[in-house]
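Dear colleague,

I am handing over the structure below, and my notes on what was found in it follow directly after. Please read them with the model open beside you.

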Amino acid sequence: MQEKKCPVRPLFAEISKMWILQILKEIYEENNTFSWIEKALVRINPKTLSERLSDLQEWDFIVKEIVSMTPLKAKYKLTLKWEELFLETQRLANWAEKWWY
């Protein structure tokens, strides 16, 4: 008999990577440029921030919008896919506060 895989395990593994949730929080709070996120997350290095932003774009949790070409300026926006997942994570957080702590 084949073992049934947990559908949320890979998702939790990815979104629990260091900085992912903090980056999403900053974008949600409209600190949505690379430099604003970098300033808000004092200890993150630029390479890690760039990698995490790429991950979030790959997962379709954020989109990068070019605001100007010269100088190059981009903003990040949350997608509907993330907004729907965010609602579920809030429910999970409420559960954890009630039952886990």
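I begin with Trp 99, which lies in helix H5. Please bear in mind throughout that this is a predicted model. Is Trp 99 buried or exposed? With a relative accessibility of 57%, Trp 99 counts as exposed, because the cut-off for that class is over 50%. Trp 99 also belongs to a nonpolar patch on the surface, in which it is joined by Val 8, Phe 12, Leu 92, Trp 95, Trp 100 and Tyr 101. Together these residues have about 920 Å² of accessible area, and the element that gives the most to the patch is helix H5 (residues 80–99), with 3 residues.

To place that patch in the whole, the chain has 5 helices and 2 strands, and, read along the sequence, these elements follow the pattern α-α-α-α-β-β-α. The C-alpha trace spans about 60 × 35 × 25 Å along its principal axes. Of the 101 residues of the chain, 29% count as buried, while the accessible surface comes to about 8,000 Å², with 56% of it belonging to carbon and sulfur atoms. Among the contacts in the chain with a separation of 6 or more, 42% are accounted for by residues 24 or more positions apart.

Turning to charge, the chain carries 16 positive and 15 negative side chains, and the centres of these two sets lie 3 Å apart. Side chains of opposite charge can pair when their charged atoms come close. How many salt bridges does the count come to? The count comes to 7 salt bridges, and I describe some of them here.

One of these joins the side chains of Lys 17 and Glu 14, at 3.0 Å from N to O. Both partners are partly exposed, Lys 17 with a relative accessible area of 30% and Glu 14 with a relative accessible area of 29%. The two residues also take part in a network of salt bridges that links Glu 14, Lys 17 and Asp 55.

Another salt bridge is formed by the side chains of Glu 51 and Lys 47, at 3.4 Å from N to O. Why are these two residues separated by about one helical turn? Glu 51 and Lys 47 have that separation because they are 4 residues apart in helix H4 (residues 46–58). Their accessibility falls into separate classes, since Glu 51 counts as partly exposed at 35% relative accessibility, whereas Lys 47 counts as exposed at 59%.

A further salt bridge brings together the side chains of Glu 65 and Lys 77, at 3.2 Å from N to O. This pair links distant parts of the chain, with Glu 65 in strand S1 (residues 62–68) and Lys 77 in strand S2 (residues 73–78), 12 residues apart. Glu 65 is partly exposed, with a relative accessible area of 34%, and Lys 77 is likewise partly exposed, with a relative accessible area of 37%.

When you go through the model, I would suggest looking at the nonpolar patch that includes Trp 99, and then at the salt bridge between Glu 65 and Lys 77.

With best regards

Methods
Residues numbered from 1 in each chain as written. Predicted model: local features only at pLDDT ≥ 70, side-chain atom pairs only at ≥ 80, totals over all residues. Heavy atoms only, no water. Buried < 20%, exposed > 50% of the residue type's maximum accessible area, 1.4 Å probe, protein only. Contact = heavy atoms within 4.5 Å. Areas by Shrake-Rupley, 256 points an atom, 1.4 Å probe, with all protein chains shown as cover. Lys, Arg positive; Asp, Glu negative; His and termini not counted. Charge placed at Lys NZ, Arg CZ, Asp CG, Glu CD. Patch = residues over 30% accessible without salt bridge, like charges linked within 9 Å, V, L, I, M, F, W, Y side chains within 5 Å. Salt bridge = Lys/Arg side-chain N within 4 Å of Asp/Glu carboxyl O.
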